Amino acid sequence: MTEVHPFSSSKYEISWSSLAIAGLKETITSALQEAESHIQEIEALSIESVSYATVAEALESCSDELDLIWSIVEHLNNVMDSPELRSAYSEVLPMVTEFYSGICLRPKLWKVVKLLGDKSDENGELNSIHLRHMEELVKDFEECGADLEESKRKRISEIDNELAKITQKYSENVLDSTNAWELVVDDPSVVKDFPEVLREIARENALQKGYGSADAPQWRFTLHAPSFGPFLKFVNDTSLRKKAWEAATQIGRGEKWDNGPLICQILKLRQEKAEILGFSNFADNVLQRRMARNGETARDFVKRMKDAVGLSVPKDVAELEEFRAEELGLAKAESLEPWDVAYWSEKLLKARYDFDDEWLRPFFPINRVLEGMFDLVEKIFGLRVVEKTVHVGKEGSSDSVEVWTDNVQFYEICDRDSGHKMGAFYADWFPRESKRSGAWMDTLRSGKFGENGTPDELPLGIMCGNMTPGSNGKPALLTHSEVETVFHEFGHLIHEICGEIL
């Protein structure tokens with residue numbers, strides 16, 4: 001395949017500034033054509049030619065080019081949303097979805113996969129991993145509906161395409177409605193109970209948006225997690241807390257960003273697909289090869305958990321309502337509104353237990369958290385994590401790695417004893433209006449190892465979050481919960497880096 005676009009570059013690190021969205025459709029089309037040709041080669045195999053290498057391994061690598069391009073596009077869609085990217089993404093999404101969802105619905109390919117499954121390991125040459133792979137491959141096809149009649153296979157493909165478009169629109173509505181709301185405070189008394197670091201972040205955020213000045217500061221709050229959570233905990237004005245809470249309940253609602261109809265469509269399509277595949281509901285469909293096995297088991301687990309913890313909830317609520325009544329001098333306890341729970345819980349913790357989660361922040365500057373985490377994995381797993389110099393844009397030194405925006409870091413992971421490079425990853429920890437909420441780990445390149453254990457391709461991962469940013473040029477100070485999140489995502493990354501996929 002002739003390389004026509006930087007999205008398909010073979011360079012290990014990504015040249016982010018070269019990824020012109022304008023040429024995305026042509027790049028995707030070319031990669032789809034290459035993947036299609038590889039699949040057709042597998043479909044044309046004779047019975048004698050069917051083997052683990054010619055079918056299972058070939059299927060794993062048939063769409064390598066497309067996988068890389070699409071992983072980059074999906075990543076940018078998550079962290080650098082823009083009108084141009086949305087338009088290009090929406091244009092190619094149906095093409096990509098149809099290809100991926102249709103792989104297991106191809107009769108000729110299913111015939112070859114079944115032949116492989118029937119052959120199993122006649123010569124005793126495959127190891128347990130290969131045998132497991134073959135078994136799972138056959139199940140993948142069966143679960144997707146490979147044995148169904150043509151009209152039903154066609155409908156499943158249509159449903160997958162519809163779901164892809166609807167869920168993308170759902171995500172866009174969540175991001176847009178989250179970004180659309182802000183609350184700017186100009187009364188210092190409203191934020192007097194805020195920890196200094198959070199108050200400074202809100203003040204700097206206001207300045208960046210054109211609110212206030214050095215002499216007359218204002219404080220800006222949003223529905224993004226690092227802002228919304230502290231707002232409910234520390235703002236002493238009940239009416240403002242209510243306003244923020246109600247705004248949060250309207251994310252993905254209203255005329256402009258209404259996800260209500262989309263949710264109905266998603267549920268309807270999922271149910272239809274489940275029934276076509278022979279299941280009574282979507283839960284039974286997706287859980288058939290997971291620990292729960294079916295929806296009834298999952299529902300029962302949730303009920304038992306609720307029953308186990310439910311006995312303490314009324315007691316805790318009553319304690320909080322009585323505490324609030326005491327503090328306000330009320331004749332009797334009154335029911336708490338949802339926007340008051342976090343505020344009065346924080347007050348109770350300080351009054352009864354002399355505890356404030358914010359006191360822990362100075363112990364968790366993000367650079368020290370990362371250093372400590374890297375030291376830990378070196379001692380336990382023998383891995384050395386080395387930070388590399390980064391730059392944004394095309395200009396950078398020869399040993400500098402390009403990243404997609406400011407505050408993104410890049411690290412290499414090596415074997416401590418041999419010094420051999422095992423992989424690398426980007427880290428993007430702080431919120432932006434162009435970035436989706438939550439925290440996640442993903443891969444741009446999946447590591448692949450040959451039979452002798454020599455890596456054919458090193459994994460390249462991503463860790464993303466929406467942690468409390470720094471202020472006044474100082475490093476970000478994390479909460480204990482945010483530290484847990486960093487460790488959690490890094491655990492996924494280590495799993496990816498250390499996994500030897502044969």
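Buried means under 20% relative accessible area. Keep that cut-off at hand. The model used here is predicted.

## Exercise 1: The whole protein

Describe the overall make-up of the protein: its elements, its span, its surface and its contacts.

**Solution.**

1. Start with secondary structure. The protein has 17 helices and eleven strands.
2. Now the extent. The C-alpha trace spans about 85 × 60 × 45 Å along its principal axes.
3. Next, burial. Of the 502 residues, 42% are buried.
4. Turn to the surface. About 26700 Å² is accessible, and carbon and sulfur atoms account for 51% of that.
5. Finish with contacts. Take those with a separation of 6 or more: 70% of them link residues 24 or more positions apart.

## Exercise 2: A strand and its sheet

How many residues of strand 11 are buried? Then place strand 11 in its sheet.

**Solution.**

1. Locate strand 11. It covers residues 460–464, and five of its five residues are buried.
2. Sort the residues by face. Leu460, Ile462 and Cys464 lie on one side. Gly461 and Met463 lie on the other. Both faces are covered.
3. Find the partners. Strand 7 runs parallel to strand 11, and five bridges join them. Strand 8 also pairs with strand 11 over five bridges, but in the antiparallel sense.
4. Name some residue pairs. On strand 11, Leu460 faces Ala424. Met463 is the bridge partner of Ala427. Ile462 stands opposite Asp442.
5. Zoom out. Five strands make an open sheet with mixed pairing, in the order 3-6-7-11-8. Strand 3 (383–388) and strand 8 are the edges, each pairing on one side only. On average, neighbouring strands are turned by 25° against each other, direction ignored.
6. Add a helix. Helix 16 (residues 366–381) lies across strand 3, strand 6 (408–415) and strand 7. Its angle to strand 3 is about 150°.

## Exercise 3: A buried arginine

Is Arg432 buried or exposed? Find its place in the chain and its contacts.

**Solution.**

1. Find the element. Arg432 sits in the loop between strand 7 (421–428) and strand 8 (440–445).
2. Apply the cut-off. The relative accessible area of Arg432 is 18%, so Arg432 is buried.
3. Look for a polar partner. The side chains of Arg432 and Asp428 make a polar contact of 2.8 Å.
4. Look further along the chain. Setting aside neighbours within four places in sequence, Arg432 contacts Val79, Met80, His224, Trp404, Thr405 and Asn466.

## Exercise 4: A phenylalanine in a helix

Which residues are in contact with Phe490, leaving aside its neighbours within four places in sequence?

**Solution.**

1. Place Phe490. It lies in helix 17 (residues 480–498).
2. Check burial. Phe490 has a relative accessible area of 2%, so it counts as buried.
3. List the contacts. They are Met373, Phe374, Val377, Val385, Phe425 and Met463.
4. Check a distance. Phe490 and Met441 are 49 residues apart along the chain, yet their C-alpha atoms are separated by 7.7 Å.

## Exercise 5: The nonpolar cores

Which element gives the largest share of the largest nonpolar core? Name another core too.

**Solution.**

1. Give the count. The largest nonpolar core has 36 residues. Ile28, Val55, Leu59, Trp70, Val113 and Phe141 have the most contacts inside it.
2. List the contributing elements. Those giving two or more residues are helix 1 (24–43), helix 2 (52–61), helix 3 (64–79), helix 4 (83–102), helix 5 (107–119) and helix 6 (128–144).
3. Pick the main one. Helix 1 gives seven residues, the largest share.
4. Move to the other core. It lies apart and has 26 residues, among them Phe374, Phe430, Met441 and Val483.
5. Return to one member of the largest core. Beyond four places in sequence, Val55 contacts Ile42, Leu45, Val50, Val112, Val113 and Leu116.

## Exercise 6: A loop serine

Where does Ser63 lie, and which residues does Ser63 touch?

**Solution.**

1. Place Ser63. It is in the loop between helix 2 and helix 3.
2. Check burial. Its relative accessibility is 6%, so Ser63 counts as buried.
3. List the contacts. Not counting residues up to four places away in sequence, Ser63 touches Ala35, Phe99 and Tyr100.
4. Compare sequence and space. Ser63 and Gln33 are 30 residues apart along the chain, and 9.7 Å separates their C-alpha atoms.

Key
Residues are numbered from 1 along each chain as its sequence is written. This is a predicted model: local features need pLDDT of at least 70, side-chain atom pairs count only at pLDDT 80 or more; totals for chains, interfaces and linings use all residues. Side-chain values use heavy atoms; hydrogens and water are left out. Helices (H or I, at least four residues) and strands (E, at least two) are DSSP runs, numbered from the N terminus. Buried means under 20% relative accessible area, exposed over 50%, partly exposed in between (1.4 Å probe, protein chains only). A polar contact is a pair of N or O atoms within 3.5 Å; within protein, one must be able to donate a hydrogen and the other to accept it, and residues adjacent in sequence count only if both atoms are side-chain atoms. Contact means heavy atoms within 4.5 Å. Two strands pair if DSSP finds at least two bridges between them. Axes are lines fitted to C-alpha atoms, for helices over the stretch in contact, and angles run from 0 to 180 degrees between N-to-C directions. A nonpolar core is a set of buried Ala, Val, Leu, Ile, Met, Phe, Trp, Tyr and Cys residues joined through side-chain atoms within 4.5 Å. Accessible areas come from the Shrake-Rupley method with a 1.4 Å probe; for residues, only the protein chains shown count as cover.
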